[in-house]
Amino acid sequence: MPDPVSARRLSRRGLLAAGGAAALAAVLVGCGRDEADKASTSNGSGSWSFTDDRPEAVTAPARPARVVAFTGSAAALVDFGLGREVVGVFGETKKADGSKEPQAGDLDVESVEILGNVWGEFSVEKYAALRPELLVTHMYDPGAYWYVPDESKDKILPLAPVVTITTARVPMTKPIERYAALAQSLGADLSAPKVTDAKARFEAAAEAVRQAVKANPGIKVLAASGSPDLFYVSNPKVSTDLMYFAELGVDIVVPTKLESGDYFEALSWENAGKFPADLILLDNRSTALQPADLAAKPTWTQLPAVQAGQVTGWDAVPRFSYAGAAPLLEDLAKAIQGAKKLT
């Protein structure tokens, strides 16, 4: 889910108008190829093309070897087997203490150029100096380039071919498959144990969620993000991870008075209890208030799920790879298994 404040800003400005190994490998490779008979790859001696989700046929004289990407996109590509091809990133990458942001995953943040570490920050000069051959980012709404600033996008976009992957209004498995296909087009081996093992873990975790719901029925789950002034309730009909959770049987609160873009309902803190819930998934990004911050909000502390200790972290902009998503499903299954019915 886009950062609520960012999404509101973007909406206003129109920019935003989330077997065995062999068998698993076959499934993965087939999945990637289904996605892109659309994609034409080369070993570097011929032309390259990939049809992204705008949809546009993105082409280059040779397979891109210098990729710059939104941090979460870069981390997903790394999970599918890319490495030194990723030379630059933008978006939250390092915390104030120098440690990695969760969305950076297994990306080696010390080996890439960080063009911007917060919303709205993107060094055009550093980007040009990297001699980029491909720019990759999420697309939450048609025509939107996630974390590419509107005020400088006319300088950024012409410098290299651009690929965007849809990350809203489809279940989470779709962008995972698309990032896999993109990685494969860039030279990644989807039959590598690193990838097939991650997919096996993902599928086991998805089944664990299904079983948790069956074993502990009726648990109402609310996905939310806190800011100083507002409490945002996310919409599972738009947020790609929540949509997938719902497909697995999770009963997720559907907000009723949606903001522009339909991503969430913005509640005043006085109305934070509008939607009864047994379990709260709380946005764990550094841009959102965390439980220690929310302790000063009386209406937060009065929520039944908070009083029962049934609050768990939520990666509201997940890493769209099997390695990135599997732990989220495992944590969700554990939270549902341990939740008590409160409402």
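**Close-up views of a predicted model**

**View 1. The lining of the largest pocket mixes three residue classes.** By class, eight lining residues are nonpolar, six are polar and six are charged. In this predicted model, the lining comprises 20 residues in total. Nearest the pocket centre lie E101, P102, Q103, D315 and V317. The volume of the pocket is about 320 Å³.

**View 2. T93 sits in a loop between two strands.** The loop runs between β4 (86-90) and β5 (113-116). Is T93 buried or exposed? T93 has a relative accessible area of 0%, and because buried means under 20%, T93 counts as buried. Beyond neighbours within four places in sequence, the contacts of T93 include S99, K100, E101 and A104. V109, I114 and N117 are also among them. E101 appears in View 1 too, as one of the residues nearest the pocket centre.

**View 3. The T93 side chain has polar partners.** Which side chain does the side chain of T93 meet in a polar contact? The partner is T71, at 2.7 Å. The T93 side chain also reaches a backbone oxygen, that of G91, at 2.7 Å.

**View 4. Helix α3 is mostly covered.** This helix spans residues 71-79, and nine of its nine residues are buried. T71, the partner of T93 in View 3, is one of these buried residues. Others among them are G72, S73, L77 and D79.

**View 5. Strands and helices pack against α3.** The buried residues of α3 pack against strands β3 (67-70), β4 and β6 (134-139). They also pack against helices α6 (173-185), α7 (193-215) and α12 (322-338). Just after α3, G81 takes a positive phi of about 120°.

Technical notes: Residues are numbered from 1 along each chain as its sequence is written. This is a predicted model: local features need pLDDT of at least 70, side-chain atom pairs count only at pLDDT 80 or more; totals for chains, interfaces and linings use all residues. Side-chain values use heavy atoms; hydrogens and water are left out. Helices (H or I, at least four residues) and strands (E, at least two) are DSSP runs, numbered from the N terminus. Buried means under 20% relative accessible area, exposed over 50%, partly exposed in between (1.4 Å probe, protein chains only). A polar contact is a pair of N or O atoms within 3.5 Å; within protein, one must be able to donate a hydrogen and the other to accept it, and residues adjacent in sequence count only if both atoms are side-chain atoms. Contact means heavy atoms within 4.5 Å. On a 1 Å grid over the protein atoms alone, a cavity is a set of points where a 1.4 Å probe fits but cannot get out, and a pocket is an open set with protein on both sides within 12 Å along at least five of seven lines; lining residues have an atom within 4 Å of a point. Grid points are joined across faces, edges and corners, and a volume is the space filled by probe spheres set on the points. Ala, Val, Leu, Ile, Met, Phe, Trp, Tyr, Cys and Pro count as nonpolar, Asp, Glu, Lys and Arg as charged, and the others, Gly among them, as polar.
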